[in-house]
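Biologist: Could you walk me through how to read a model like this? I would like the general idea each time, and then the case at hand.

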Amino acid sequence: MNHLHPDTLRGQRALVTGGNSGIGAAVARALAMAGARVAINYVADVEAADRLVNEIRADGGEALAIRGDVSSEDEVRAMFHTIIDAWGSLEILVANAGIQRDAPFHRMTLQQWQQVLDVNLTGQFLCAREAVAEFCRRGVIPEVSCAAGKIICMSSVHDVIPWAGHVNYAASKGGLMMFMKSLAQEVAHERIRVNAISPGAIRTPINRAAWETPEAEADLLRLIPYERVGDPMDIGHAAVWLASDASDYVTGTTLYVDGGMTLYPGFREGG
Ligand code: NAI
Ligand code: BGC
């Protein structure tokens, strides 16, 4: 069933980083179904980005694909220039790009540590900085949205659930939580809302090993009270709400979309 109405984000322009795969692709699709124009950032696999652009256009939406590494200051600046040249401005940033480089802590290389911080945290900083500058420059256009801009940071349940073997990743997402809240506090008076979505286990390439065999999926389901692995569109729907004026009084908040993964499922029995 389609719960998205094409007037919800009509007239708004969005950038989704890492928009050609998994959660980012579903968010891009959902924003487009809700009426937004969507720029789909990719760093690899241009074919996937082009396919998604064509799908959105075939459904009557407007989209474009933009290459850019979110951890590169120059490439992020160039990406925002491209969007602003094409569409005049933008109202929505979904800073979604993220990676895992897992290793036991004593064998984690500096490169594994640094790559994860560069993409998952510095990438958020670089993209949000360009977005805030543009939102402040343009200000509120009441016919488009009551806010000057909305930033949605794609975090993770691992911003609160510690994760052995993934110390770099959990540190990046924990850091992202205070990044999001501090930025939300700083720019609220500009009528810019900054929020995070923290997904639980969503079926995408990043965690294929956790769901691709029946045994792995059964193990994973023990951590999910709602007893299903998440679908990328679960996150797409949440992103539309956070980007829309329906959530206009919401800022500095993390929305956990996790089937209850953060509810300490180990305590269902005992304790
Ligand atoms: P994915 O691997 O399908 O997507 C990651 C996207 O980020 C890809 O499009 C990739 O090309 C892009 N990316 C990586 N490095 C980049 C860079 N330097 N510049 C631009 N783009 C880059 O994985 P998924 O699951 O869709 O991940 C999306 C976000 O959701 C990530 O931030 C991840 O941490 C987060 N997340 C995912 C969960 C899951 O269970 N799948 C759960 C919680 C959070
Ligand atoms: C990770 C996934 C994992 C999920 C739940 C996400 O942040 O990227 O690999 O399945 O958290 O643990």
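Modeller: We will go through the two ligands, then a few single residues. This is a predicted model, in which local features need pLDDT of at least 70, side-chain atom pairs count only at pLDDT 80 or more, and totals for chains, interfaces and linings use all residues. Residues are numbered from 1 along each chain as its sequence is written, chains are lettered from A and ligands numbered from 1 in the order in which they are written, and side-chain values use heavy atoms, with hydrogens and water left out.

Biologist: How many residues surround ligand 1, and which are the closest?

Modeller: A residue is near a molecule if one of its heavy atoms lies within 4 Å of it. By that rule 28 residues surround ligand 1, and the closest are N20, S21, N96, Y169 and T204. The shell divides into 13 nonpolar, 13 polar and two charged residues. For these classes, Ala, Val, Leu, Ile, Met, Phe, Trp, Tyr, Cys and Pro count as nonpolar, Asp, Glu, Lys and Arg as charged, and the others, Gly among them, as polar.

Biologist: Which helices supply at least two residues of that shell?

Modeller: Helices are DSSP runs of H or I with at least four residues, strands are runs of E with at least two, and both are numbered from the N terminus. Here α1 (22–33) and α5 (167–187) each supply at least two shell residues.

Biologist: What is an oxygen atom of ligand 1 paired with at 2.6 Å?

Modeller: A polar contact is a pair of N or O atoms within 3.5 Å; within protein, one must be able to donate a hydrogen and the other to accept it, and residues adjacent in sequence count only if both atoms are side-chain atoms. The partner at 2.6 Å is an N or O atom in the side chain of T204. Backbone atoms take part too: a polar one of I23 is 2.8 Å from a ligand 1 oxygen, and a backbone N or O atom of G200 is 3.1 Å from one. The protein covers 90% of the 820 Å² of accessible area that ligand 1 has on its own, using the Shrake-Rupley method with a 1.4 Å probe; for residues, only the protein chains shown count as cover.

Biologist: And which residues have side chains that reach an oxygen atom of ligand 2?

Modeller: For ligand 2, polar side-chain atoms of S156 at 2.6 Å, H158 at 2.7 Å and N207 at 3.2 Å each pair with a ligand oxygen. The protein covers 90% of the 310 Å² that ligand 2 has on its own. Its shell has five nonpolar, five polar and no charged residues; W163 and M261 are among them.

Biologist: Is Q12 buried or exposed?

Modeller: Buried means under 20% relative accessible area, exposed over 50%, and partly exposed in between (1.4 Å probe, protein chains only). Q12, in the segment before β1 (13–16), counts as buried because its relative accessibility is 2%. The Q12 side chain makes a polar contact of 2.7 Å with the side chain of K150.

Biologist: What is the phi of D45?

Modeller: Most residues other than glycine have a negative phi. D45 has a positive phi of about 60° although it is not a glycine, and D45 lies in the loop between β2 (37–42) and α2 (46–58). R191 also has a positive phi of about 60°, in the loop between α5 and β6 (192–199). D45 is partly exposed at 41%, and R191 is partly exposed at 46%.
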